[in-house]
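Here are some worked exercises for you to try with the model open beside you. Take each task on its own before reading the solution.

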Amino acid sequence: IDATEAFYRHQDDPGSMPPGLLQADLHTPHSLGDFVQRALGLAGLTFTIATACSSSAKVFCQAERLMRLGLCDAVVVGGVDSLCNSVLYGFRSLGLLSPQTCRPFAVDRCGLNIGEAAGFALLERDGADLKLLGYGESSDAYHMSAPHPDGLGARLAVEQALSRGGRRPEEIQYINLHGTATPKNDAVEARLVADMFPATTRASSTKGWTGHALGAAGALEAIITLLALRTGLIPGTLNTTQLDAECGPQIQLGNTQGDVRLALSNSFGFGGSNCVLLFGREAA
């Protein structure tokens, strides 16, 4: 998007147009997916999923369906997002940007920090010890940017992920929360977690560490969740010192070490596009 914005800035003086901006495939919605396929020399199907901040979580769901249907044996999934003016100004116009470092779930939270990231994973039909056990997808269809106040779509996505994986809420050791540090999103998600999960479940938002990587957030946070499964390191909620009263005992501030065998990764996007991934680690 930043390249396309740069292209338009040169429209009044075509002679100053950098040659690199004249590549037509640079300015399509599928440019990143096309680049990854060519760079890795991959054959077969390629898709671009654009559902705001749930985009690169939903790619895991698409990959599972492709393999289950026998269309492929392995899928490269990922998400990439880099800063551009239209996104920066858009979030500013909504009053969602924090003037300081973001504080997810804090009583004094006042907005998000935009981050940049690229994250990729290889999903295989016969994978190793880390597995995608289930997923849930839903749509609030409630508001263009605000979540459903009762978290109905988010709850449905969590329930679907657990049901597909044949797991119960009390079996989950860690939840990587969407946790953007915006007032409404955090309040809805905090109530959902407090209501659905026992006090022993540990949960955190890692956006204090990474910023909100938007289209790349789902993939980035899925990878952080997978690392928690592999290493037992459960990241805390950076920058937050006092949790909002909506938060239950599940949300933790500091890093901890523990035995993590089942974990969820939440991604909730604009327009009420929700995706929850359930990952698991085989017992040693």
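**Exercise 1.** Does Thr201 count as buried or exposed, and at what relative accessibility?

*Solution.* Some ground rules come before the steps. This is a predicted model, in which local features need pLDDT of at least 70, side-chain atom pairs count only at pLDDT 80 or more, and totals for chains, interfaces and linings use all residues. Residues are numbered from 1 along each chain as its sequence is written, and side-chain values use heavy atoms, with hydrogens and water left out.

Step 1: recall the classes, where buried means under 20% relative accessible area, exposed over 50%, and partly exposed in between (1.4 Å probe, protein chains only). Step 2: Thr201 has 0% relative accessibility, so Thr201 counts as buried. Step 3: place Thr201 in the loop between α6 and β5 (202–204); helices (H or I, at least four residues) and strands (E, at least two) are DSSP runs, numbered from the N terminus. Step 4: list its contacts (heavy atoms within 4.5 Å). Beyond four places in sequence, Thr201 touches Pro169, Ile172, Gln173, Ile175 and Gln250. Step 5: look at the side chain of Thr201, which reaches the backbone oxygen of Ile172 at 3.2 Å.

**Exercise 2.** Find how far helix α3 reaches and which elements cover its buried residues.

*Solution.* Step 1: α3 covers residues 55–68, 14 residues in total, and spans 20 Å from its first C-alpha to its last. That is close to the expected 20 Å, where the expected span is 1.5 Å times one less than the number of residues. Step 2: 11 of the 14 residues are buried, so α3 is largely enclosed by the rest of the structure. Among them are Lys58, Phe60, Leu66 and Met67. Step 3: the cover includes β1, β2, β3 (130–139), α8 (217–231), β8 (262–269) and β9 (273–281). Step 4: after the helix comes Gly70, with a positive phi near 80 degrees.

**Exercise 3.** Which residue meets Lys58 in a salt bridge, and which meets Arg109?

*Solution.* Step 1: a salt bridge is a side-chain nitrogen of Lys or Arg within 4 Å of a carboxyl oxygen of Asp or Glu. A search of the whole structure gives 17 of them. Step 2: Lys58 pairs with Glu137 at 2.8 Å, N to O. Glu137 lies in strand β3 and Lys58 in helix α3, so the pair ties together parts 79 residues apart in sequence. Step 3: Arg109 pairs with Asp244 at 3.0 Å, N to O. This pair links the loop between α4 (85–93) and β2, home of Arg109, with the loop between β6 (233–234) and β7 (256–257), home of Asp244, 135 residues apart. Step 4: check accessibility: Asp244 is buried at 17%, and Arg109 is buried at 12%. Step 5: turn to Asp259 and Arg261, which meet at 2.9 Å, N to O. Asp259 is partly exposed at 43%, and Arg261 is partly exposed at 36%.

**Exercise 4.** Which residues touch Val188, leaving out those up to four places away in sequence?

*Solution.* Step 1: find Val188 in helix α6 (residues 183–196). Step 2: with 10% relative accessibility, Val188 counts as buried. Step 3: its partners are Pro147, His148, Pro149 and Gly151. Step 4: for scale, Val188 and Gly44 are 40 Å apart, C-alpha to C-alpha, and 144 residues apart in sequence.

Methods: A polar contact is a pair of N or O atoms within 3.5 Å; within protein, one must be able to donate a hydrogen and the other to accept it, and residues adjacent in sequence count only if both atoms are side-chain atoms.
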